[in-house]
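Let's take a walk through this one together. Have the viewer open and follow along as the chains come up.

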Amino acid sequence: MRVAMLTWEYPPRIVGGIARHCEGLAKALAKQGHEVHIFTLDFPGAPDYEEQGSIRIYRTRSEVGHPNFLTWVLLFNHFIEKRMADTCKLVDFDVVHVHDWLTAPAAVAFKRFVKKPLVFTAHSTEHGRSGLHVPDSFTIDGFEWWSTYEADKIVVTSGSMKGEVCGHFHVSDSKVEIIPNAVDTGPYEGSVDRGAVRARWGIQPHEKLVLCVGRLVPQKGIEYLLHAVPVLARRRPEAKFVIVGDGWYRDHLEYIANTSGQRWRITFSGFISDWDLIALTKSADVMVVPSIYEPFGIVALEGMAAGVPIVASQIGGLTEFIEHDRTGVFVYPRNPESIAWGIDHILSNYGHAEWLVKNAREIVHKTYSWEAVAKKTAKVYKDVMG
Amino acid sequence: MGLPSAPEVPEEFRVLSMMHNIGAITPERSLTTDELSLWTGIDSATVKTHLQKLRQGGYVEFVQISGIEKYHVTRNGIMKVLTLYS
């Protein structure tokens, strides 16, 4: 099959889970003999056109900008449409697959132009991310509804997301397929010098490294982890925290850390390289995923693949691949006491933590491979092609 | 839990976001403080203050062209902006 895939983020332009999802899916589809054409936005230092085996990447620069976000989105969609129109003179696509609403205007126009079916993957919704309080959010919500309406099939990564999409957009159950996210376990297989990595992050041999990875935005719930720091410190004075990632909420989170009386325990790393992140994850004693909204939670899956015990909010997609006290530990979302309990539960029971890691790794290897995701996705493509 | 309510998006972040959306993401597409002031509708002095903070965070860089400072968003700045929308 020849697939036209649209996404506003594709490596090296990585924001959240979508870039990793699209890359993992594209590589696995290509391995299974499909031709994947990625239409995405430009990024400094990345080529406008790139071939990676049977994956072709078209990075499009928006020639005209505008300070308003929605106007900018419509402008870059126009330039992606133009690029796709040029490409379809040379390539006869079988299916169009768009990820999230941001590139949906181009995808819908293209679907109608080439008269091919459209698959829409809804990674999250504006309703879930931010609630609907401001005009831009209503417009984004409208774009999302429109995408579900125009799509021949909708893919979501969890049952919780399926409920959200069917309920909020009034979509019929049969139109939505659940295909969970996956993780490439290869990069996590190698060994790292744990002591050296921990020393680089200021962790002494007797100290415990609590890791949190994510965009610094409210829905990731990191403020609740920060409020848990003084609670945990009373029980576990050897605990230190590294928060990896960046985002518009960072100043506020740093303010909470600064006023916690425990600032010296907390490091905000900002963005770090993939390699550093893998080494840090493999060197951590526990990974916390304190999200308050999480359609899937790929970061927890990455932690499980890396062999670090997971403490996660009992919420959304996380509840569908973590089993409490068998492959991870659930805590109540928005509850610092509960988060502190979960971390302490892991740190106090080394043997049990090892058992959780073993079980988690087994599940990841058995169920959450990109190969399986690509097979299920290709079946969706075949279904919509009729 | 009685935790404080979430703050608004900081204004310097809005400036960063607008720089990104108008395309000032590479040295050759960088803009002067005055140009940024016109694009964003924020006075030059305030833009300058925000740019200083953004530079300290590594989200913005400047280039000097004929003695004039022009600013653009860095790769980390782009990734930070995109967190607002995803």
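To judge the length of a helix, take its expected span as 1.5 Å times one less than its number of residues. Keep in mind that you're looking at a predicted model. Now try that rule on helix H14 (residues 336-348) of chain A: its 13 residues should cover 18 Å, and the end C-alpha atoms are in fact 18 Å apart, so the two values agree.

What is tucked away in H14(A)? The buried residues there are Pro336(A), Ser338(A), Ile339(A), Ala340(A), Gly342(A), Ile343(A), Ile346(A) and Leu347(A). A bit of helix geometry helps when reading such a list: an α-helix has 3.6 residues a turn, so residues three or four places apart point the same way. As for what they lean on, the buried residues of H14(A) pack against E9, E12, E13 and E14 of chain A, and also against helix H9 (222-235) and helix H15 (350-367) of chain A.

Those strands bring us to a sheet. In chain A, six strands make up an open sheet with parallel pairing, in the order E11-E10-E9-E12-E13-E14. Which strands sit at the edges, pairing on one side only? They are strand E11 (266-270) and strand E14 (329-331) of chain A. Ignoring direction, neighbouring strands of the sheet are turned by 25° against each other on average. If you zoom in on one edge, you'll find strand E13 (residues 310-313) of chain A running parallel to E14(A), with three bridges joining them. Ser313(A) stands opposite Val331(A), which belongs to E14(A). Helix H11 (residues 274-283) of chain A also packs on the sheet, where it touches strand E9 (208-213), strand E10 (239-244) and strand E12 (286-289) of chain A. The direction of H11(A) makes about 135° with that of E9(A).

Time to zoom out on chain A. Its domain assignment gives domain 1 (2-182 + 369-385) and domain 2 (186-367). The C-alpha centres of these two domains of chain A lie 30 Å apart. Where they meet, domain 1 of chain A puts in 14 residues and domain 2 of chain A puts in eleven residues. On the domain 1 side, the elements that give two or more residues are helix H1 (17-31), helix H4 (126-129) and helix H6 (159-169) of chain A. H6(A) provides the largest share of that side, three residues. By class, the domain 1 side has ten polar, two nonpolar and two charged residues.

For a single residue to look at, pick Asp136(A), which lies in helix H5 (residues 135-150) of chain A. Why does Asp136(A) count as partly exposed? A residue is buried with 20 or more other C-beta atoms within 10 Å and exposed with 12 or fewer; Asp136(A) has 15 C-beta neighbours inside 10 Å, so it falls into the partly exposed class. Leaving aside residues up to four places away in sequence, Asp136(A) touches Phe69(A) and Leu70(A). For a sense of distance, the C-alpha atom of Asp136(A) is separated by 40 Å from that of Ala360(A), 224 residues apart along the chain.

On to chain B, which has four helices and two strands. Reading from the N terminus, the elements of chain B go α-α-α-β-β-α. The C-alpha trace of chain B spans about 55 × 25 × 20 Å along its principal axes, and 41% of its 86 residues count as buried. Among the contacts in chain B with a separation of 6 or more, 52% come from residues 24 or more positions apart.

How many residues does each chain bring to the contact between them? Chain B supplies 24 residues and chain A supplies 26 residues. On the chain B side, helix H1 (11-21), helix H2 (33-40) and helix H4 (75-82) of chain B each give two or more residues. The largest share of that side, five residues, comes from H4(B). Sorted by class, the chain B side holds 15 nonpolar, seven polar and two charged residues.

H1(B) is a good place to finish. This helix is mostly covered, with nine of its eleven residues buried, including Phe13(B), Leu16(B) and Met19(B). The buried residues of H1(B) pack against helix H2 (69-87) of chain A. Within chain B, they also pack against H2, helix H3 (44-56), strand E1 (60-65), strand E2 (68-73) and H4. After H1(B) comes Gly23(B), with a positive phi near 100°.

Terms used
Residues are numbered from 1 along each chain as its sequence is written. Chains are lettered from A and ligands numbered from 1 in the order in which they are written. This is a predicted model: local features need pLDDT of at least 70, side-chain atom pairs count only at pLDDT 80 or more; totals for chains, interfaces and linings use all residues. Two residues are in contact if their C-beta atoms, placed from the backbone, lie within 7 Å. Ala, Val, Leu, Ile, Met, Phe, Trp, Tyr, Cys and Pro count as nonpolar, Asp, Glu, Lys and Arg as charged, and the others, Gly among them, as polar. Domain bounds come from an automatic or database domain assignment. Two strands pair if DSSP finds at least two bridges between them. Axes are lines fitted to C-alpha atoms, for helices over the stretch in contact, and angles run from 0 to 180 degrees between N-to-C directions.
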